[in-house]
Structure formats: structure tokens, C-alpha cells
Amino acid sequence: MKKPKIWNNKHLLGLKKLSADELTCIFDTAENYVKYAGGTGQKTDDLKGKLVVNLFFEDSTRTRSSFAIAASRLGADVIELTAKASSLSKGETLRDTARNLEAMGIDMVVIRHSAGGAPYLLSQNIEASILNAGDGYHEHPTQALLDIFTIRQLRGSLEGLKVAIVGDIAHSRVARSNIWALNTLGAKVFVVGPPTLMPSAVNKLPVTVCHDFDSIISEMDVFNMLRVQSERIKSQVFPSTREYSRIFGLTNNRMKRAKKDVIVMHPGPINRGVEIDSDVADGPNSTILKQVTNGVAIRMAVMALCDSVK
Amino acid sequence: MKKPKIWNNKHLLGLKKLSADELTCIFDTAENYVKYAGGTGQKTDDLKGKLVVNLFFEDSTRTRSSFAIAASRLGADVIELTAKASSLSKGETLRDTARNLEAMGIDMVVIRHSAGGAPYLLSQNIEASILNAGDGYHEHPTQALLDIFTIRQLRGSLEGLKVAIVGDIAHSRVARSNIWALNTLGAKVFVVGPPTLMPSAVNKLPVTVCHDFDSIISEMDVFNMLRVQSERIKSQVFPSTREYSRIFGLTNNRMKRAKKDVIVMHPGPINRGVEIDSDVADGPNSTILKQVTNGVAIRMAVMALCDSVK
Amino acid sequence: MKKPKIWNNKHLLGLKKLSADELTCIFDTAENYVKYAGGTGQKTDDLKGKLVVNLFFEDSTRTRSSFAIAASRLGADVIELTAKASSLSKGETLRDTARNLEAMGIDMVVIRHSAGGAPYLLSQNIEASILNAGDGYHEHPTQALLDIFTIRQLRGSLEGLKVAIVGDIAHSRVARSNIWALNTLGAKVFVVGPPTLMPSAVNKLPVTVCHDFDSIISEMDVFNMLRVQSERIKSQVFPSTREYSRIFGLTNNRMKRAKKDVIVMHPGPINRGVEIDSDVADGPNSTILKQVTNGVAIRMAVMALCDSVK
């Protein structure tokens, strides 16, 4: 792909520093790739002959598969590496693992890691493009991009939209990436959840904090319902999943008081009956599966753009 | 591939409901693919650009590899997913996992699952083709197809042939799929094994039940020797592997009383010296490796046929 | 690829029996592939349509990835199998696993196994090419080839060079493969390490044994620093990693007394500060990453050559 004038990022580490023009460039590129993301059997040659490594230090189905499919649709070859099978279990540093991969001729590393900043560290040490597929509680840029791309498809613009991100904000890299990019694009972000699941420095984020979901429900344009990690529930941060659902779940009852055309999003995998009712997840306002399809298009766009800089 | 007139199945869930014409259509298609299954370096473009997911909830070498190779020979791209790495370990439902894969643009899902009926459940919920690679004790259609295809290659027709399926009938999905299709094609099926390893409703199956292998050995045209699961032996269903071999094993001695041209089959992996003697497994009547080669051809055929319906 | 006149080996099991001409043939072939090993996005069709199985019974990142990348650069399709997922866990013999893979149309098996001789055993039983990716303490031919290829690139010839292999010689298949080929090509090999880490029959190897690294340091042309397995340290063969580093590590201090243009090699993964100081590993004499790049070229060469014999 020819490098767009506005795009000069070899890596995609996070959305915090991307400008509105850069975000728009990603979305415009993704728009062209949507037709390849829907299973028509079409492929492009935009990354033909390139080698992409999927380096996942945390388990993942959808993100890993989505990147693999995106690479494959672009004509690239994919090498799958998991933490357990990697040399890191032999005590090698992350930097050495990365430099070794690069020496084998890798063009791009997709990395998921439990440590925030691991993708940045890599990008300082190797020439290959680094794509962050989720690092600790820091960022998960492609997930937020696909969320926002989906809103843009339905509304044209993010300007002035009210977006509620509901759930465990403290431990969510998806929330963080969404917050940065939504703000950059002019949306107004509400974070909703119990005080125990808010980050300690939440007042420094460009968001409105809300502990009472019902008080804002009728004015939101978008609900982005985060997955409740059962570990959190068990750790007594919250008394029970039933209690959680009653107070912060997107139930059928709550939907009755929401805007008719409210957009219902979820990054998956869904806990049906906990953070979202089954009927709502499968209902007409839900974009959950559309998000998944857009995820392939967004990842194709990000790969092609980062590759174009070299 | 152009859809044959007789073929209208988008999925392959089992053989019970397939007609003789449909089975013959699979075999005729596989005949054309045999030349790609033998390692000549040739590939076709019949599934070019299509995405196949190998979704295995039980470990498998040969079936998983065979499907992956078949897809690759057809020019498709393959995404490998295992249960442990999948979102199912995060509590997602099978239906949600499948719908997510489909939203990523998957054209075909090859699924192995410990629950009988899991492939059917999937087929009710997604548009992609579902190929059953073994579900519980229910069916394992491609294994039976490759078994019967191998017999057809050697004898031309199944009509009137006497086929003994020997071993743990109760827990064998391979046996079930063979029973249905062999009957449809006019063969006469004998199931041989101890009463403890017969299904409770065996009298409702279109088979002759036999507990004395020696009494029928000289009149059979085919022996299909099932693998003895060591778990069964340990669970006291059978006293010892030696005892099993003595009563139900295909030994050198038993082969002396069999028809000269009897066909010796085994779905693998073999327990040498238990259900089959080493000399017999490697002997001139054995089609064990031929079955493996035919497995690739059969899977290519099934993939191409199911894809042709869309 | 057209078979070179000198090359008649369908398998690569070890370097012990390869002649200088055969080794040179591999290096000359690899020279042509170096341009594909560096990440330029170029691929060849030399193994187009061929099926390569990566059959690893021991974990590995770099060797497994390097073979997968080499196969991919040659246009081949790769099937990844691991021991745990394979039928071997169901009690199948290695020979049966291999013959089954072959029946599926596999052209080449890359095997790593904890038992010395496993690749040889395979080669006796199947028609596909067998490439040894490390077997027990026996050989790891492609690692030694890439080591020596790297020296040849820098010095033109191996004739008369003094090469020190430092560390746990007893348990190193890398050392053994290097020793055979370096001797064949006219280099003089020194093995350096404590008596407890020397093989019992070391006096039968064509090497000079040395227990005092410092005594030879100034006359060596190449240091090949083996990885210290932490298991060895723990098993009391050596008192501590610090002690090891002091006596056998390639420290900054030792480098001051080495030849100015000495070549510093390591098969990886590196234990920084144990067998090699960080500065030395990253310093101007180090060829560690060059070795990794050359590994892809060497594996492409070996695959193409072995395939050309059929």
C-alpha cells in the first residue's frame, strides 16, 4: 500500500497520541477492507510475502484469530508463537526474543503481554513493526478502533456523541484505548461502575465518572459493556454476579428507558445474564457481531498502514 | 467446484441420513482428488481464498492434520483453534464462539467435540459450513467415508459385502457412522465384541450382533478393527489387554482362517498386539495406510461439495 | 531445484558423514537464499505445493520458527505438530506416526526428539525426507551448518582456523555437529569446559580438550559459547552461575586478550552474564543475530537440496 501523507507510524502501540486525522486515516483505510472481512473468499496482495508473528503471552481466541485472518487476507504469512512454547520460558529476555525473530526476517510482530509497556519496549529495540494486541491494563488499540469504527459506520461522526463505558474500568485496557480516541474525535465519555472498579487516578482521565447507571441511561448514544472478569467477583470487589447484573447490567428493563437507536457494544466474550442480558446482546441495537467483522477490517488497515511507512 | 445436482448439503453432520446417491457423489468426487492426496506437490484452487477453522475440543493428530492438509491442497487458508486456547475457557457458549468466528469471515468450521450433537447445534446457528470431525459417541462421518471409499476402490461396490466391525462398539462414533452408510450401500454389517462393549440399544441398529469372533471369521469380506481405549480396559470392562487380544484381536492365527482377500482396516492409532497383531497390520491384506491417504481425498471432497452449495 | 551433481542425500540426519564437497554445496546453495532470509518480502517457488511437517517433541522457538519460515519462503505449506497433541500420547509408535503422516502426502519431516537416533529411525521407515532439528545429545546439523556458514561468510574459508567451543560439551548436540563439520573443513577445534561437562569418550573426538579457557584465549579465531542449562547448574555439576561465568564466561576482560577480529558466536537463547557478558553479546565481534538470519538461509538450502534428490 502507498503510504498516506498523514500516516507516519511504523508501530501501533496505543491510541493516546494519535490525532483525529490519523484515526480517520485508519477508518478510511478499513472501509476499503470491509469487503475482504466478510468471508467472500477475496484476498488482497497488499502484504504479499511479508511475515507476521503472532506473539501472544496471554490466551486469546478472537484477537489472535482476527489478526491471523487479517494477515492472511492481506497475503502475508503468519507464524504463531505462544509464551509457553517460546524461549522466554528458558529465561531469554523479551528484547532478545524479538531481535531473534527480526533476524529471521519478520516484518511485523503482533504482541499481547500482561505487562503494560511491553510493546513499547519492543518498538525501541527492533526495526519490525510492532502492533499492540493488548498490554496489561494499558491499551488495546485495535479493539477500541473497531469499536469506534463501528459507531462511525452507523452515525457518520463521533462528534458530540455520548458514550458510556460500563464495568470494570480499573482493569480494562479496552476502556483506556476507547477513552483516548473517543475524546480525540469529540465524543463525550462516561465511565460507569462501582468505585471499587474505577482506576485510582480516574479524575485525571477525560471522562465523566458515574456510579449510578440508571441516572444517565436515557441520554446515552452508545453503551460499551465491558466483560466482568469472574476473578474480580470472586475477589470480593463485588458481592455476586447477580448483584452486579442488577446494578450495572444492560438488562431488558434498562433498554426500555434507553434511546430507541442506542448502540449496544461489547468487546466479547460475553457473560450472558451478567453484564448484558441475552435478549439485548442478540437484539436489534446490538453491534456485537458487526464489531467482530470490523475487527478484521481494522486490523488489515493497521497492518497495511504500518507496513507502508517502511 | 460446481454443485453436483444430487448434492444439496451445506454441512456434513453424519451419514445416517445420506442416500446411496449422495454417498456415491462423495466417492466420485474423492476419486478426482486422490491424485492430490499422495504428496505429488500438486494443489487445486477449488477453495482458493476460503477460510477454514479447525476447532478441536479433543486432541487429535491424524484427523486434524488430515483436514488441514485437505484444506491446504484445495488452496484454502486454515486457522487452528484448540479448546484450551479458545474463549470457551472463559465461559463463552459454543454458539457465541461459532458466531464470532463466522463474523470474522470463516467459510467452514471443522469441529470435534466430546458432546454428541455439538456440530448439529452449530449448524443451526451459523451460515458457515459445519463438518463433523467426531462428536461424542454419535458420528465421525469422514472416517467412515474413507473406510468405505477404500473398500469401494478395491471391490467396486459395497453391495452384499460382509463387514465385521470389531471392538468397543458402545463408545465408537466410527462404528456408528460406518453402520449407517454401509447399510445404505447394501453391505451386511456384523458388530463383534463382548456384551459389555455393545450399546444398550444395539438391537435397534441394522446389524448382526456377534460375541464370538471365531464363529464368523471365515465368511467376512472386511474386518474393521476398532482401537481399544486403554481407559476401558482399566475400568474393568475387560480383564486385560492380553485377554482382549486372545478373544477379539485380529491375530496371525485368525487370519489363517479368513478369506484370502479379506480387507483389514483400522482407523488408527493402532495398539499393536492388542486389537491387531503387528504382522497383520503391516501385512498384504491391510489397507491401514491407504485409508490415511484416502482420508485426505475424502475430506477434500466433502469440503468442496459442502462449499459448492452456497 | 535441480539436483547438484555432488548432492545425493534425501535426508539430513547429521554432519559426521558429510564430505567437504557436500558441506560446500550446502553453503553455496544457502548463499543464494540469504536474500530471502532477511525480511524483504521476497519468496521463491522452489518447494511450491510441497508439504512440510514440523514434528517437535521438545519445545523450541527459534529452530521451529526458523524451519517454518524457511519452508514458507520456499513456497511450501507447513503443518505444525507437537508431541503433546500427537497420537504418540495415545501410545502410537514413532514409526507409525511417521508412516501415517507420509500416507497423508507429506514430503518432508523436520523432527526434534529427545532420543538420539530418532531421525535415523524415521528415515529407515518412510520415503519422505527427514531433517534432524536436534536429537538427544547426538547432532543438531542445521545449527552447526549456520554457525560454520557464518564463519565462512566472514573468512572465506575454514582451513586452519582455531575454533573454541566453550561450555557443556557433554550434553551438547550443537557441539558434536560443529566438531564433525569443522574438522572435515580443516578447522582446528578446541573444546573448553570443566571435566564434569566433557563427554566420557572425549579423547576419541577430533578435538583438543582444554580446561583452562584463559590459556588459549589469545590464539582463537572463533568462540562458540554454548548455553549453560540451568538444570546442570542445579544438579551440582557446577557450583553456581557466578562461578561458571568467572571461569568459563566470555567476559569483557577476556575479550581484551582475544584477537581483535575474533568471531563471537552463540546458538541462543543467551544467558546474559553467565556464559557471555551482555556487552560482548551485543558487541562488534558478535555474530549472534547474523547466525539467526543465516539459519533461515541454511534451512532453505537443506530443504531444497534434500527435496531435489527425489
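Modeller: Let's start with what touching means here: two residues are in contact if their C-beta atoms, placed from the backbone, lie within 7 Å. Before we go on, this is a predicted model, where local features need pLDDT of at least 70 and side-chain atom pairs count only at pLDDT 80 or more, while totals for chains, interfaces and linings use all residues. Residues are numbered from 1 along each chain as its sequence is written, and chains are lettered from A and ligands numbered from 1 in the order in which they are written.

Biologist: Fine. How many residues do chain B and chain C bring to their contact?

Modeller: Chain B brings 22 residues and chain C brings 20 residues. On the chain B side, helix H2 (62–73) and helix H12 (288–308) each give at least two residues. H2(B) has the largest share, with 6 residues. Those helix names come from DSSP runs numbered from the N terminus (helices: H or I, at least four residues; strands: E, at least two).

Biologist: What makes up the side of chain B that touches chain C, by class?

Modeller: You get 8 nonpolar, 11 polar and 3 charged residues. The sorting rule is simple: Ala, Val, Leu, Ile, Met, Phe, Trp, Tyr, Cys and Pro are nonpolar, Asp, Glu, Lys and Arg are charged, and the others, Gly among them, are polar.

Biologist: And how many residues go into the contact of chain C with chain A?

Modeller: That one takes 22 residues from chain C and 21 residues from chain A. On the chain C side, the elements giving two or more residues are helix H2 (62–73) and H12 of chain C. H2(C) supplies the largest share there, 6 residues. The split on that side is 8 nonpolar, 11 polar and 3 charged.

Biologist: How do you know what relation holds between chain B and chain C?

Modeller: In general, two copies of a chain are related by a rotation about an axis and a shift along it. Here, a rotation of 120° with 0.0 Å of shift along its axis puts chain B on chain C, at RMSD 0.0 Å. That is what a three-fold axis does. The superposition is by least squares on the C-alpha atoms of residues with pLDDT of at least 70 in both copies. For chain C onto chain A, the rotation is 120°, with 0.0 Å of shift along its axis and RMSD 0.0 Å.

Biologist: Why is H3(A) called oblique to H12(C)?

Modeller: Helix H3 (residues 94–103) of chain A and helix H12 (residues 288–308) of chain C pack at about 45°, and their axes are 8 Å apart. The bins are under 35 degrees for roughly parallel, over 145 for roughly antiparallel, 65 to 115 for roughly perpendicular, and oblique for the rest. An angle of about 45° lands in the rest, so H3(A) is oblique to H12(C). Axes are lines fitted to C-alpha atoms, for helices over the stretch in contact, and angles run from 0 to 180 degrees between N-to-C directions.

Biologist: Which residues make that contact of H3(A) and H12(C)?

Modeller: From H3(A), A:Arg99, A:Asn100 and A:Ala103; from H12(C), C:Leu289, C:Val292 and C:Thr293. By class they come to 3 nonpolar, 2 polar and 1 charged.

Biologist: What makes H1(B) oblique to H12(B)?

Modeller: The axes of helix H1 (residues 20–37) of chain B and H12(B) cross at roughly 125° and come within 7 Å. That angle belongs to no named bin, so H1(B) is oblique to H12(B). H1(B) passes H12(B) in a right-handed crossing, meaning the near helix is turned clockwise from the far one by less than a right angle (anticlockwise would be left-handed). The contact includes B:Ile26 and B:Tyr33 of H1(B), and B:Val296 and B:Met300 of H12(B). By class, that contact has 14 nonpolar, 2 polar and no charged residues.

Biologist: Is A:Asp168 buried or exposed, and how do you know?

Modeller: It has 24 other C-beta atoms within 10 Å. Buried takes 20 or more, exposed 12 or fewer, and partly exposed is in between, with C-beta atoms placed from the backbone. A:Asp168 is therefore buried. A:Asp168 sits in the loop between strand E5 (162–166) and helix H6 (173–184) of chain A.

Biologist: Why is B:Gly273 called partly exposed?

Modeller: Its count is 14 other C-beta atoms within 10 Å, so B:Gly273 falls in the middle class. B:Gly273 lies in the loop between strand E9 (263–265) and helix H11 (278–281) of chain B. Leaving out residues up to four places away in sequence, B:Gly273 touches B:Ser245 and B:Ser278.
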